[in-house]
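Reader: I have just opened this model and would like to be taken through it slowly, one place at a time. Could you show me the sequence and the structure before we begin?

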Amino acid sequence: MTVAKRMFDVVIVGAGGSGMRAALALSEAGLKVAVLSKVFPTRSHTVAAQGGIAASLGNVREDNWHWHMYDTVKGSDYLGDQDAIEFMCRAAPGVVYELEHFGMPFDRLENGKIYQRPFGGHMQGFGKNPVERACAVADRTGHALLHTLYQRNMQANTHFFVEWMALDLIRNQAGDVLGVVAMEIETSEVMIFQARATLLATGGAGRIFQASTNAYINTGDGLGMAARADIPLEDMEFFQFHPTGVYDAGVLISEGVRGEGGYLINKDGERFMDRYAPTARDLASRDVVSRAIATEIKQGRGCGKNADHVLLKVDHIGRDIIMQRLPGIRDISIKFAHVDPINAPIPVVPTAHYMMGGIPVNYHGQVVAPYKTGPEEVVEGLYAAGECACVSVHGANRLGCNSLLDLLVFGREAARQIIEDLQRNPHPQLLPADAAERPLARLDRLSNQKNGENVAEVGAAMRQVMQTHCGVFRFPDLLAQGVKKIAEVAERVKNTSIKDHSKVFNTARVEALELDNLIEVAQATMVAAAARQESRGGHARDDFPLRDDDNWLKHSLYYSTGQRLDYKPVRLKPLTVESFPPKARVY
């Protein structure tokens with residue numbers, strides 16, 4: 001089968017915040033850029049970000065990037081790479097002002113400056129008092145961000161390929177990445193997108209869990225492609241469970257609700273966070289709050305007839321503030337929890353939310369992997385940014401509002417690095433003869449498999465295993481069983497079949513291909529979690545309740561082939577300031 005081919009300077013997979021921020025810089029530099037997206041760009045999952053963008057503007061109270069850096073390092077439970085964290089926190093005010101100049105409609109303070117609200121783990125004076133650092137557009141910051149970036153990209157003539165799914169990376173003998181093979185969802189046509197640089201910006205993979213705040217499109221496509229191309233995945237055991245997903249629905253209730261004065265209560269009406277974080281209380285780090293909720297439920301203080309959730313009380317802050325600052329949250333609460341927060345508390349429970357791990361990159365967005373001599377050698381032609389990438393600014397736990405910051409800073413920086421690299425290598429390389437072989441074989445198997453497994457059933461089995469064996473608290477026997485069970489599910493994935501073989505908008509085929517990616521992420525998460533014998537950030541083990549810096553202050557690297565684990569050191573040396581040495585994390 002001959003596969004059509006198109007040539008671009010850069011191909012970007014994913015049109016969320018990081019993909020569009022990079023595309024904008026690259027298109028404005030005069031490069032020919034293709035952006036592939038499974039959905040219309042403004043429907044990418046960045047649209048769901050509610051709380052804000054962390055930046056030390058100091059518009060409400062004094063703030064500076066060094067305090068922000070400390071909070072991020074502490075939030076990461078000291079697993080974050082401090083050079084990358086310094087780079088991000090220093091760049092934060094600049095990327096926010098840039099957005100303001102792009103026309104992003106930030107809320108305003110009385111004096112006309114950008115509105116900022118307090119957020120979990122954001123402190124003045126190296127952890128002393130909470131500070132307002134989240135730059136917000138009511139509770140729809142991600143929505144405003146995507147629309148702002150999309151309009152700018154239209155102006156810059158970026159080529160969008162909407163409803164296209166990337167299937168696999170193209171690598172040559174030397175290991176360089178020369179583009180991707182992708183499929184148009186509308187027609188099932190397969191095409192080679194050859195490019196001198198390929199940027200993966202495919203977002204998270206929260207759909208490996210049963211209860212998730214993630215959209216159905218968050219299937220870890222970039223990670224699946226990287227894993228199949230023999231690129232390791234970093235720190236996959238660290239998944240953030242957001243403390244406040246709507247009970248029974250998983251839809252996110254922003255931390256901004258607590259930033260505006262909301263707080264959590266148990267069945268006795270008690271503000272229980274005082275027990276777990278006496279200073280920061282409801283605005284402690286997310287892993288701390290999630291574990292506190294899980295503990296309250298475990299100890300029988302949960303709410304409802306099954307005592308399996310807690311309540312988020314907002315009614316006391318008044319109708320006016322809710323309507324002005326949290327209108328979207330009110331809509332979500334009414335729609336999914338059947339509760340109007342103006343009158344009654346919202347039932348919430350910790351829900352899988354954000355992946356701290358991902359494709360290993362340096363802070364210039366270049367994908368790095370141990371090959372010949374060092375632990376971080378650049379994979380030529382391949383870049384990653386946003387949630388699918390692990391620059392490791394989030395380490396073992398992400399600070400609220402650092403996700404939008406991460407994708408803006410590193411989307412922009414990856415673009416700068418790509419421009420520099422392409423000037424050095426102005427000519428495209430020759431494609432290998434078997435460029436499209438792997439994805440065509442995968443499609444061929446789906447077309448010809450008879451009497452295989454049902455995709456939905458296998459997907460449900462995977463989510464069930466992850467939810468039961470790799471949740472907020474992790475138990476030794478459950479992890480050991482989980483590794484076996486997820487391997488069994490992976491065998492079933494190899495044997496899936498679809499009944500619909502039509503060409504037009506074949507969603508059955510898309511779901512089967514997405515499951516190939518999800519299972520890679522699920523196995524990486526389970527295997528890495530079973531191996532890490534400590535509790536750190538989002539990874540809390542019942543049998544190893546303490547953090548162990550002597551043995552485990554290191555990043556894990558998971559290789560799909562043979563499910564091999566390797567490790568590399570955490571970069572504790574910042575760019576210009578003194579290192580923050582690991583110490584006990586108290587809020």
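Author: This is a predicted model, and a good place to enter is Arg-286, whose position is in helix α8.

Reader: Is Arg-286 buried or exposed?

Author: Residues under 20% relative accessible area are counted as buried. The relative accessible area of Arg-286 is 6%, so Arg-286 falls below that cut-off and is classed as buried.

Reader: Which side chain makes a polar contact with the side chain of Arg-286?

Author: Leaving out residues up to four places away in sequence, Arg-286 touches a set that includes Phe-119, Gln-240, Phe-241, Glu-255, His-353 and Asn-397. The side chain of one of these residues makes a polar contact with that of Arg-286 at 3.0 Å, and that partner is Gln-240.

Reader: Asn-397 was among the residues that Arg-286 touches; where is Asn-397 placed?

Author: Apart from neighbours within four places in sequence, Asn-397 is in contact with residues including Gln-240, Ser-285, Arg-286, Asp-287 and Met-356. Asn-397 counts as buried, with 1% relative accessibility. Its place in the chain is the loop between β18 (389–390) and α11 (402–424).

Reader: Which residue has its backbone oxygen 3.1 Å from a polar atom of the Asn-397 side chain?

Author: The contacts of Asn-397, with neighbours within four places in sequence left aside, also include Gly-75, Ser-76, Gly-537, Gly-538 and Arg-585. The backbone oxygen that lies 3.1 Å from a polar atom of the Asn-397 side chain belongs to Gly-75.

Reader: How many cavities of 30 Å³ or more does the count give, and what is the volume of the largest cavity?

Author: A probe the size of a water molecule, rolled over the atoms, shows where empty space is left. In this model the count comes to 1 cavity of 30 Å³ or more. The volume of the largest cavity is about 50 Å³.

Reader: Which elements each supply at least two residues of the lining of the largest cavity?

Author: The residues that line the largest cavity include Phe-239, Gln-240, Phe-241, Asp-287, Ser-290, Arg-291 and Asn-397. By kind, the lining divides into 3 nonpolar, 4 polar and 2 charged residues. The elements that each supply at least two of the lining residues are β11 (239–246) and α8 (286–298).

Reader: Which backbone oxygen does the side chain of His-122 reach?

Author: His-122 is found in strand β4 (residues 116–124), and at a relative accessible area of 1% it is buried. With residues up to four places away in sequence not counted, His-122 touches Asp-71, Asn-129, Arg-133 and Cys-401, among others. At 2.9 Å, its side chain reaches the backbone oxygen of Gly-400.

Reader: Which helix gives the largest share of the largest nonpolar core?

Author: The largest nonpolar core has 142 residues, of which Ile-12, Leu-36, Phe-193 and Ile-359 touch the most other members. The largest share of this core, 12 residues, is supplied by helix α15 (residues 507–531).

Reader: How many residues are in the other core that lies apart from it?

Author: Met-123, Ile-317, Ala-337 and Ile-346 are among the members of that other core. The core has 28 residues.

Reader: In which strand is Phe-193 found?

Author: Phe-193 counts as buried at 0% relative accessibility. Outside its neighbours within four places in sequence, Phe-193 is in contact with residues including Phe-8, Leu-36, Phe-161 and Trp-164, while Leu-36, with such neighbours also left aside, has contacts that include Val-11, Ile-12 and Phe-193. The strand that holds Phe-193 is β9 (residues 190–200).

Reader: What is the phi of His-338, and what is the phi of Phe-505?

Author: His-338 is in the loop between α10 (327–337) and β14 (346–355) and is exposed at 67% relative accessible area, whereas Phe-505 is in the loop between β21 (496–497) and α15 and counts as partly exposed at 39%. Neither residue is a glycine, yet phi is positive in both. For His-338 phi is about 55 degrees, and for Phe-505 phi is near 45 degrees.

How values were computed. Residues are numbered from 1 along each chain as its sequence is written. This is a predicted model: local features need pLDDT of at least 70, side-chain atom pairs count only at pLDDT 80 or more; totals for chains, interfaces and linings use all residues. Side-chain values use heavy atoms; hydrogens and water are left out. On a 1 Å grid over the protein atoms alone, a cavity is a set of points where a 1.4 Å probe fits but cannot get out, and a pocket is an open set with protein on both sides within 12 Å along at least five of seven lines; lining residues have an atom within 4 Å of a point. Grid points are joined across faces, edges and corners, and a volume is the space filled by probe spheres set on the points. Helices (H or I, at least four residues) and strands (E, at least two) are DSSP runs, numbered from the N terminus. Ala, Val, Leu, Ile, Met, Phe, Trp, Tyr, Cys and Pro count as nonpolar, Asp, Glu, Lys and Arg as charged, and the others, Gly among them, as polar. A nonpolar core is a set of buried Ala, Val, Leu, Ile, Met, Phe, Trp, Tyr and Cys residues joined through side-chain atoms within 4.5 Å. Buried means under 20% relative accessible area, exposed over 50%, partly exposed in between (1.4 Å probe, protein chains only). Contact means heavy atoms within 4.5 Å. A polar contact is a pair of N or O atoms within 3.5 Å; within protein, one must be able to donate a hydrogen and the other to accept it, and residues adjacent in sequence count only if both atoms are side-chain atoms.
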